Amino acid sequence: MKPTQKYPFDKELFKGNVKRHLNATYATTVEHASTHAWYLAMARALAELTMLNLLETEQDERIVKAKSLNYLSLEFLIGRLTGNNLISLGLFDSVADAMSELGQNVTDLLEEERDPSLGNGGLGRLAACYMDSCAALEYPTVGYGLHYEYGLFKQSFDHCHQKESPDAWQGIEGYPWEVPRPELKQDIGFYGHVEVTHVDGKEKRHWVPGMIVQAMPWDLPIVGFENDTVYPLRLWEARAIAPFSLESFNNGNYFEAQHALIDADNITKVLYPNDNHEKGKTLRLMQQYFHSAASVRDILRRHLNAGFSLEELPEHETIQLNDTHPTIAIPELMRIFIDEKEMSWEKAWGICSKTFAYTNHTLLPEALETWDEGLIQRLLPRHMEIIYEINRRFLLEVSAKWPGDVSKQQTLSVIQEGFHRMVRMANLCVVGSYAVNGVAAMHSQLVKQHLFPEFNELYPGRLQNVTNGITPRRWLKFCNPGLSDLITEKIGDKWTSHLDQLQAIAKYADDKTFQQRFMAVKKENKERLAAWVKDHMDIDLNTDAIFDVQIKRLHEYKRQHLNMLHILSLYHRLTTDPDFDMQPRVVFFAAKAAPGYHLAKEIIYAINKIAEKINADPRVNDKLKVVFIPDYRVSIAEIIIPAADVSEQISTAGKEASGTGNMKLALNGALTIGTMDGANVEIREEVGDDNIYIFGLDIDGVNELRASGYNPYDFYQADPLLKASLDLLVGEEFTPGEPGKLRTTYDSLLNGGDPYLVLADFASYVEAQTQLDLDYGDQSGWAKKAILNTALMGKFSSDRSIQDYVKQIWKLTPVKR
Ligand SMILES: *Cc1c(COP(=O)(O)O)cnc(C)c1O
């Protein structure tokens, strides 16, 4: 590892710092410290190094003056920082050496870190990969998020049922990688009323909040790869203002304020555990406004401190909204400009609408945010007025473009009419942003054609595509050192920053020696995963088996139940057809279900029950095992992904916006079995038809089937294997003595109309799995396909995504340190 530090690493100094933290910060001694205390002290000592760089970067005059990205996201699923930062700092070997002189094994210490799970899934992980790439490429960036006290719940299984428990990710000692920035705190208002005054005959409107909450920022360092750049990920924590400062909001409603005091620190208590589903809860809207308001004020503070005028904001700051969750930042900036800075509407809008850009992540109707007008009115009365005015002016544009067309106005309006009038956050975002992007080519096409076709006419060029990506540092170099070393031996080490260069290993795809080495690395990674499973779940696995992996949130549209039906079909054939043979296979699942998502939890229960039976059934278990790994999170993904032979990406076509798990797995040499959905389409373009298993209905097929009236019973009756597989769910095969306990999934598929077309795709899925099974039998042929997957995934580096954003949308210039 090359030392790239501006300050050369001083081993003795570092050891001294670790010991100092052991004593002074963690109140223990070299003689008595636990492994956990050693980890904390090491991480603190490292964090100190990066904080110096963070402050230097922050104060670098070139960066102060440059145009910056502000990435606003309610979620940052960053994963463990210590190991990754060691790699970015180029200090892995030096620190391992220093720690071993202190009698500690660095790998063991790294295992002590608890994942900061400040996100649900893909959307939050994307934000983390983008921060990594911005720092690697040195585009000035500040990430803004929330400092939840409890991250995504921890999952365990209790008699095969999901059980949730709170995730106190900071631990009692605090998280070593963060520092509070009290000098940057903000006061954030809620509730209250709008005061109207008249100055020189002009009406002035002014919000008087009824409740004030303090926003305390915590900075986490985002360490640039082998450069000296460190950017802040700034997470806001809500704190109640002490009762004695009540007079500061005396003008507000006193009783509301009293009530508010009780609620204030609840605002950032817990991450909402819904993925692709919004439920309209007051506290969630409070989180959103709290996050937006604190971030916008911090951005303005930086901008004004740099000596720039408000008019110049779009030349110096761009604000990227990760989904609609931070939408309220748009009316908030308008409110500050108009009410506090006394700007005209026109001027304020001129600045605002050149500052924000919005990323759409989904077309699922239940995930598109709408907020009850009455709720916004109560919580943010002045913002509601501003939203009305934005909409009033916008609808004038609509009627100028389509005179007399009332239905156009209804479709496009920011306000959805009805018994409960609702604010459509996505519409507000499109109106208030200078660019809107989808997250994969196919998804962006659907955004243009189905979600916002009129917007596309009204604002040509505003709707764009930026295909998602993943950071090759975490998702190959760090998590798969065996493969990384093999690649580096062949093509040098520049691929970590220029992932396109991986295509240079394509020429070894037919090379038998290279194939063997590639598969030997895969085998080692499978052994590592198998050891983890033995350790934590006491299941024995055959590492020659196909490691077939589906790891992602549990959601009907992702169709874990289709995978489950395939397992049932294998079980059925193994137990009833003496002529049936297959490659040994281990099917891995890892997935959390939102605590309120009943069917998703039933699917977890069913898979667990099926696994329990199969893994103990001597008739099948030298061929088939099923492992549901609990508590899916980034650090588990880092163990599973390098070990995967097969990547399950089997969503109903048109439902998965992009996916990024698909990219991580293919990059690590897993072959995708998937539908024509999200970024699978582009992965296929890159790796070629021979190196991917595409099956099922494409989007036209889906639409045609729906239009012709889909009846799942037609498929059930016509396909004996499907019928046999499904029928296993209604007896007592997997729940002896308790027949029907797995009925919920069966009923949802047959009587619930099978909204995600699982039965329609079953036969095609089984056929693709059968081909895959045959291909795995030819290990050399399989190795070739796997190598080509790794070689041809360069496009999916988040560095490329960030370059796309910079060129198409953000227009930033890197500042090299
Ligand atoms: C990458 C990742 C995801 C996203 O996976 P998809 O398959 O794209 O849904 C979710 N959770 C974690 C922990 C991840 O690392």
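Start with the six-stranded sheet. Select β18 through β23 in this predicted model, and you'll have an open sheet whose strands run in the order β20-β19-β18-β21-β22-β23, with parallel pairing. Now colour β20 (624-628) and β23 (693-694): these two stand at the edges, and each has a single partner strand, so one side of each is left without a neighbour in the sheet.

Next, zoom in on one pairing. Pick residues 646-649, which make up β21, together with residues 671-674, which make up β22. The two strands run parallel, and four bridges join them. Want a particular pair to click on? Try V646, whose bridge partner in β22 is L671. If you're wondering what holds strands like these side by side, strands of a sheet pair through backbone hydrogen bonds, either parallel or antiparallel.

For an antiparallel case, move to another sheet. Select β13, β14 and β15: they form an open sheet of three strands in the order β13-β15-β14, and the pairing here is antiparallel. Which strands stand at the edges this time? They are β13 (370-372) and β14 (415-416), each with a single partner strand, so each has one side left without a neighbour in the sheet. Stay on β14 and add β15 (residues 422-424); two bridges join this antiparallel pair. Click Q416 and look across to β15, where M422 stands opposite.

Now for the ligand. Show the ligand and the 14 residues around it, then highlight K552, K558, T660, G661 and K664, which come nearest. Three contacts are worth displaying as dashed lines:

- K552: a polar side-chain atom lies 2.7 Å from an oxygen atom of the ligand.
- T660: here a backbone N or O atom lies 2.8 Å from a ligand oxygen.
- K664: a polar side-chain atom lies 2.6 Å from an oxygen atom of the ligand.

Switch on a surface and see how covered the ligand is: taken alone it exposes 390 Å², and the protein buries 96% of that. The spot it occupies is the largest cavity.

Finally, bring in the helices. Select α7 (122-137) and α25 (661-667), since each of them supplies at least two residues of the shell around the ligand. Then colour that shell by residue type: you'll get four nonpolar, five polar and five charged residues.

Definitions and conventions
Residues are numbered from 1 along each chain as its sequence is written. This is a predicted model: local features need pLDDT of at least 70, side-chain atom pairs count only at pLDDT 80 or more; totals for chains, interfaces and linings use all residues. Side-chain values use heavy atoms; hydrogens and water are left out. A residue is near a molecule or strand if one of its heavy atoms lies within 4 Å of it. A polar contact is a pair of N or O atoms within 3.5 Å; within protein, one must be able to donate a hydrogen and the other to accept it, and residues adjacent in sequence count only if both atoms are side-chain atoms. Accessible areas come from the Shrake-Rupley method with a 1.4 Å probe; for residues, only the protein chains shown count as cover. On a 1 Å grid over the protein atoms alone, a cavity is a set of points where a 1.4 Å probe fits but cannot get out, and a pocket is an open set with protein on both sides within 12 Å along at least five of seven lines; lining residues have an atom within 4 Å of a point. A molecule sits in a cavity or pocket if more than half of its atoms lie within 2 Å of its grid points. Ala, Val, Leu, Ile, Met, Phe, Trp, Tyr, Cys and Pro count as nonpolar, Asp, Glu, Lys and Arg as charged, and the others, Gly among them, as polar. Two strands pair if DSSP finds at least two bridges between them.
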